[in-house]
Amino acid sequence: MHCPFCRSTDTRVLDSRVADDGSAIRRRRSCPACEKRFTTVEQMQLTVVKRSGACEPFTREKAISGVRKACKGRPVDEDDLARLGQTVEDSLRGEGWAEVPAHEIGLAILGPLRALDEVAYLRFASVYRAFESAEDFETEIAVLRMERSAPTPQPTG
């Protein structure tokens, strides 16, 4: 670990703590060369396993690039896409994935995208699930309508 102040490679860990959600470790460090202190955060690297078997690091931007195409012309802004990307990443980390199949990323996108914009959801789902006919769209639209009309459970007191 290089000191961010003097670039010395000899730093000491003074304190280590698990982050609130358990997905990262926060370390307080000291540099003996310049005597300054700094904090580092270590987080598990999510790895995407592609259909070909190749592995690459998960990047939120790549995950939402296809979603951005599906949202073209829709009332969805970059902040909405950033929140969706964060939700997807949090979901994957929350499920304990270290190496996540690319297919699972698409599945993790579908739910939050449906809540964000149904038209963008249909566009994304049509590519992701390889819709082949108008009937595929009709079936998915029927599911959306059914879910929308289903009564929401009321909390019992």
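Here's a quick briefing on the sheets, core, salt bridges and cysteines in this structure. Keep in mind that the model is predicted. Two open sheets of three strands each turn up: one runs β5-β4-β6 with mixed pairing, and the other runs β1-β2-β3 with antiparallel pairing. The largest nonpolar core has 26 residues, with helices α1, α2, α3 and α4 each putting in at least two of them. On the polar side there are 14 salt bridges, while the disulfide count is zero.

**The β1-β2-β3 sheet**

- In this open, antiparallel sheet the strand order is β1-β2-β3, and β1 (12-18) and β3 (37-43) are the edge strands, each pairing on one side only.
- Going from one strand to the next, the twist averages 25 degrees.
- Strand β2 (residues 24-30) and β3 run antiparallel and are joined by seven bridges.
- If you want a landmark on that pairing, look at R26, which sits opposite V41 in β3.

**The β5-β4-β6 sheet**

- Here the order is β5-β4-β6, and the pairing is mixed.
- β5 (55-57) and β6 (99-101) are at the edges with a single partner strand each, so one side of each has no neighbour in the sheet.
- Neighbouring strands are turned against each other by 35 degrees on average, direction ignored.
- β4 (residues 47-49) and β5 run antiparallel, with three bridges between them; T47 has P57 in β5 as its bridge partner.
- Helix α3 lies across β4 and β6, and runs at about 75 degrees to β6.

**The nonpolar core**

- As background, nonpolar side chains in soluble globular proteins tend to be buried together.
- In the largest core here, with its 26 residues, the members that touch the most others are V67, L92, I105, I109 and L113.
- The helices feeding this core with at least two residues each are α1 (60-70), α2, α3 (102-116) and α4 (118-128).
- I109 is a handy residue to centre your view on: setting aside neighbours within four places in sequence, I109 is in contact with A63, V67, L84, V88 and F124.

**Salt bridges**

- The general idea is simple: side chains of opposite charge can pair when their charged atoms come close.
- R17 and D15 pair through their side chains, at 2.8 Å from N to O. R17 counts as exposed because its relative accessibility is 53%, whereas D15 is partly exposed, with a relative accessible area of 27%.
- E56 and K62 also meet in a salt bridge, at 2.9 Å from N to O. E56 is partly exposed at 23% relative accessibility, and K62 is partly exposed at 46%.
- E89 and R93 form a salt bridge too, their closest N and O atoms being 3.1 Å apart. Both residues belong to helix α2 (residues 78-94), where they are four residues apart, about one turn of the helix. Are these two buried or exposed? Both E89 and R93 are buried.
- There's also a network of salt bridges, which links R27, R29 and E42.

**Cysteines**

- A disulfide, in general, is a covalent bond between the sulfur atoms of two cysteines.
- The structure has zero disulfides. C3 is in none, and its nearest cysteine sulfur, that of C34, is 3.7 Å away.
- Why doesn't the C3–C34 pair count as a disulfide? Because the sulfur atoms would have to be within 2.5 Å, and for C34 the nearest cysteine sulfur, that of C3, is 3.7 Å away.
- C3 counts as buried, at 0% relative accessibility, while C34 is partly exposed, with a relative accessible area of 26%.

**Backbone oddities**

- R7 is not a glycine, yet its phi is positive, at about 70 degrees. R7 belongs to the segment before β1 and is exposed, with a relative accessible area of 54%.
- E35 is another residue other than glycine with a positive phi, near 65 degrees. You'll find E35 in the loop between β2 and β3, where it is exposed, with a relative accessible area of 69%.

Note on methods. Residues are numbered from 1 along each chain as its sequence is written. This is a predicted model: local features need pLDDT of at least 70, side-chain atom pairs count only at pLDDT 80 or more; totals for chains, interfaces and linings use all residues. Side-chain values use heavy atoms; hydrogens and water are left out. A salt bridge is a side-chain nitrogen of Lys or Arg within 4 Å of a carboxyl oxygen of Asp or Glu. Buried means under 20% relative accessible area, exposed over 50%, partly exposed in between (1.4 Å probe, protein chains only). A nonpolar core is a set of buried Ala, Val, Leu, Ile, Met, Phe, Trp, Tyr and Cys residues joined through side-chain atoms within 4.5 Å. Contact means heavy atoms within 4.5 Å. Two strands pair if DSSP finds at least two bridges between them. Axes are lines fitted to C-alpha atoms, for helices over the stretch in contact, and angles run from 0 to 180 degrees between N-to-C directions.
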